[in-house]
Amino acid sequence: MQQSAINRMELINNLSIIPKERLNEVKTFIDFILSQTQTNKLKPINLSGIWKDIGFEKIKNPENELKKIRKEMDNSILKKGF
């Protein structure tokens, strides 16, 4: 196991035993460290086009296809007799 993973596990374990009165201090310290690192700068993820060229664009009428699939699922579930 990598040392960073071990350190992270130890930190998580230690957080569970810190008295609740002191948790705010720990949070402030962690926030301070994160404010000084580049990893804190999360970039938004753009998911547009994630399903492009998979074949969904070939479906003529998506609403009818969904209705058909739902009906098939209903029938399948009812046959199992839950």
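Start with the whole protein chain in cartoon view: its secondary structure comes to 3 helices and 0 strands, where helices (H or I, at least four residues) and strands (E, at least two) are DSSP runs numbered from the N terminus. The radius of gyration, taken over C-alpha atoms, is 25 Å, well over the 12 Å that the globule rule gives for 82 residues, so the chain is more spread out than a compact globule. That rule is 2.2 Å times the number of residues to the power 0.38.

Before zooming in, note that this is a predicted model, in which local features need pLDDT of at least 70, side-chain atom pairs count only at pLDDT 80 or more, and totals for chains, interfaces and linings use all residues. Residues are numbered from 1 along each chain as its sequence is written, and side-chain values use heavy atoms, without hydrogens and water.

Now turn the C-alpha trace: along its principal axes it spans about 55 × 35 × 30 Å. Color by burial next, and 0% of the 82 residues count as buried (under 20% relative accessible area; exposed is over 50%, partly exposed in between, with a 1.4 Å probe and protein chains only).

Next, select Asp53, in the loop between α2 and α3. Its phi is positive, about 60°, although Asp53 is not a glycine. Most residues other than glycine have a negative phi. Is Asp53 buried or exposed? Asp53 is exposed, with a relative accessible area of 61%.

One step along is Ile54, which lies in the loop between α2 (23-35) and α3 (62-80).
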